[in-house]
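Take a moment to look over this chain before reading on. Then follow the text from the whole fold down to single residues.

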Amino acid sequence: MLRNRMIRLSLASVAGAGMALSLSGCFGGPAEAPTTTGIPESGVPSSTTPATDTPASATPSPSVTATPTPSPSETAPATSPSTTTSALTIFYVALNDQGKSGPMIGCGDSIVATETGPVVYASQVEAAMSDLLDDKDAQHGESGLMNALASSNLTYVSSSVAGDTVTVELSGELSSGGVCDDPRIIAQLTYTAMVAAGTGEAKVLLNGIDVNKYLSQK
């Protein structure tokens, strides 16, 4: 529109003032700039919205994350101890066996390994010792095996391994039937602990005292 107007005004200047007046009458005076400008010849608005007008929410705040951080209670399973399922080896006494069924101990007896059914546990030493200490049967059926710990009231406390020795701590009251019961009790405790820990030696503490010394004081 502006270009056409410039062409016509140029022709009017050649034709004379009369023609110019005629053109002026047809087109009117110079057009005033529209009150709402902002669209130049290129068709692109002359003014754009400043970058600072962009809502702050367009950029996520650092405090907002797409994935919530799990609370300590939700991550507890990662720190839970793993469990194992297997049979446990528990030792009992074969009276007057003279070492035929297992290693010979005092008074001509033998210490004999037996196996439980499948047991789920986190600590094999704890599971095996607890199974032995909870057994209150003095005789084991047709096997003829004896449990010298049946009349004692003992509880597993803890265990640790250093080199080839496992140390087991127990608490409670230990009952022995005499000089022949003492080696039976010691053998049941130490052999069960050694096999569970996979060590060659075992040290058993009862109320903080070595079980050998504890029995010698009885």
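The paragraphs below go from the overall chain to its core, its sheet and its disulfide.

This is a predicted model. Start with the chain as a whole. Its secondary structure comes to 6 helices and 10 strands. The chain has 218 residues, and 27% of them count as buried. Now consider its contacts with a separation of 6 or more. Residues 24 or more positions apart account for 57% of these. On the outside, the chain exposes about 14,100 Å². Carbon and sulfur atoms supply 56% of that area.

Next, look inside. In soluble globular proteins, nonpolar side chains tend to be buried together. Here the largest nonpolar core holds 37 residues. Which of them touch the most other members? They are Val168, Leu170, Leu174 and Leu189. Take Leu170 and leave aside its neighbours within four places in sequence. Leu170 is then in contact with ten residues' worth of partners listed for it, including Leu133, Leu154, Tyr156, Val157, Leu189, Val204 and Leu206. Thr155 and Asn207 are also among the contacts of Leu170.

Thr167 lies in strand S8. Thr167 and Ala202 are 35 residues apart in sequence, yet their C-alpha atoms are 5.8 Å apart in space. Beyond residues up to four places away in sequence, Thr167 touches Ser158, Ser159, Ser160, Lys203 and Leu205.

Now find the open sheet. It is formed by 4 strands in the order S3-S2-S6-S5, with antiparallel pairing. S3 and strand S5 (139–140) are the edge strands, and each pairs on one side only. S2 and strand S6 (residues 145–146) run antiparallel and are joined by 2 bridges. In one bridge, Val93 has Met146 in S6 as its partner. Helix H5 packs on this sheet and touches S2, S3 and S6. The direction of H5 makes about 160 degrees with that of S2.

Finally, turn to the cysteines. How many disulfides does the chain have? The count comes to 1. This disulfide joins Cys107 to Cys180, with an S to S distance of 2.0 Å. The pair links distant parts of the chain, 73 residues apart. Cys107 sits in the loop between strand S2 (89–94) and strand S3 (110–115). Cys180 sits in the loop between strand S8 (165–173) and helix H5 (181–197). Why is the disulfide left-handed? The torsion about the S-S bond is about -85 degrees, so the disulfide is left-handed. Are these two cysteines buried or partly exposed? Cys107 has 38% relative accessibility, so it counts as partly exposed. Cys180 is also partly exposed, with a relative accessible area of 27%.

Definitions and conventions: Residues are numbered from 1 along each chain as its sequence is written. This is a predicted model: local features need pLDDT of at least 70, side-chain atom pairs count only at pLDDT 80 or more; totals for chains, interfaces and linings use all residues. Side-chain values use heavy atoms; hydrogens and water are left out. Buried means under 20% relative accessible area, exposed over 50%, partly exposed in between (1.4 Å probe, protein chains only). Contact means heavy atoms within 4.5 Å. Accessible areas come from the Shrake-Rupley method with a 1.4 Å probe; for residues, only the protein chains shown count as cover. A nonpolar core is a set of buried Ala, Val, Leu, Ile, Met, Phe, Trp, Tyr and Cys residues joined through side-chain atoms within 4.5 Å. A disulfide is a pair of cysteine sulfur atoms within 2.5 Å. Two strands pair if DSSP finds at least two bridges between them. Axes are lines fitted to C-alpha atoms, for helices over the stretch in contact, and angles run from 0 to 180 degrees between N-to-C directions.
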